[in-house]
Amino acid sequence: MKTRHILGISGGKDSAALAIHLARKEGDWRYFCELLAASDCADAAREIEQARQAPAIEHFFTDTGKELPEVYEYLGILEKFLGKPVRRLSPFPNGSDANAAPFDHFLWAEHGGLLPSRRQRWCTYKMKIKPMNAFVGDAPTINYVGIRADEASRSKLSSLKNVTAVYPFVRDGLVRDDIVALLEETTGLPDYYRWRSRSGCYFCFFQRKSEWLGLRREHPDLFEKAMRYEEETFDPDTGRMYTWMDKISLADLDQEAGSMGERDGEIIASDGPRSWQESLLAANLAEDDPHDQACAVCSL
Ligand code: SF4
């Protein structure tokens, strides 16, 4: 069976930069041969050597339907730059009604209203990992992953038996500054980096308080929707309510931010990043946090 070559685009900077990095190697089949041979993928390296052609890499995006608008916008920019589509993967077969709102389907039909959290992270498995595994199927597959050379300690993604993860940035020695420079000279960085350190769902529970404040400022409608999810979990019998953040509800944060007031479009006393450079600095810190590393599949 012929080897497939895939690359998951998360909407984050590293996977996008990897797609561009590898697209630039399209005319250089020897690069892929060496990369795969060095990654213990001898069969795939041999296939490329015989064809004397770089592999046709399939790009995909696992869509929760709840990603940031900037992510969807950036996908379009990236597709235009690459000159090929990024395939959207849904957790359900084509034609299923649940495709319209997969997150809400899982939340209510399968998890009884239990919102995902760091401890109950059903969202990643059901909406990211499972659709990816279904997409991969049984064929021997090379999965190109955007972990960088300066992330040696970052946990590698687990794979199916027939899938081998390959890390071109690690082999090529590319670090964060290289990735940022590559994006600056091609597609630019996804716009959310002005106020948030990574991609993912707008209500992602891995967000910092400053990022929630950023969501409130940049997308008040989505902040409102995230707040509604919390309210819907309120149990009048126990008085308990799920909150996306530890110890504070979005309603309370909203009130807190409102009472602080806003000036020149920025929330006073927010510890939120004010430029994408500062935001990337926050992302650097996030990548050093073992809890955040667990979210690599959503935001790499
Ligand atoms: S981005 Fe966050 S909320 Fe969305 S699937 Fe990933 S972990 Fe879950």
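## Ligand environment

In this predicted model, 13 residues surround the ligand, and those that come nearest are Cys123, Gly200, Cys201, Cys204 and Cys298. Classified by side-chain type, the shell comprises eight nonpolar residues, three polar residues and two charged residues.

Helix H6, which spans residues 122–136, supplies four residues of this shell, the largest share.

## Strand pairing

The chain contains 14 helices and seven strands. Strand E1 (residues 4–8) runs parallel to strand E4 (residues 141–144), with four bridges between them. Strand E4 also pairs with strand E5 (residues 163–166), again in the parallel sense and over four bridges.

Tyrosine 144 of E4 can be followed across both pairings: leucine 7 stands opposite tyrosine 144, and valine 166 is the bridge partner of tyrosine 144 in E5.

## Burial and contacts

The chain has 300 residues, of which 36% are buried. Among contacts with a separation of 6 or more, 70% join residues that are 24 or more positions apart.

## Confidence

The average pLDDT of the chain is 87, and 85% of the residues reach a score of at least 70. Residues 263–274 form a stretch in which pLDDT stays under 50. For this stretch the model has 25 contacts beyond four places in sequence. Where pLDDT is low, predicted coordinates should not be read in detail.

Key
Residues numbered from 1 in each chain as written. Predicted model: local features only at pLDDT ≥ 70, side-chain atom pairs only at ≥ 80, totals over all residues. Near = placed C-beta within 6 Å. Helix = DSSP H or I, 4+ residues; strand = E, 2+ residues; numbered from the N terminus. Nonpolar A, V, L, I, M, F, W, Y, C, P; charged D, E, K, R; others polar. Pairing = 2+ DSSP bridges. pLDDT = per-residue confidence, 0-100. Contact = placed C-beta atoms within 7 Å. Buried ≥ 20, exposed ≤ 12 C-beta atoms within 10 Å, placed from the backbone.
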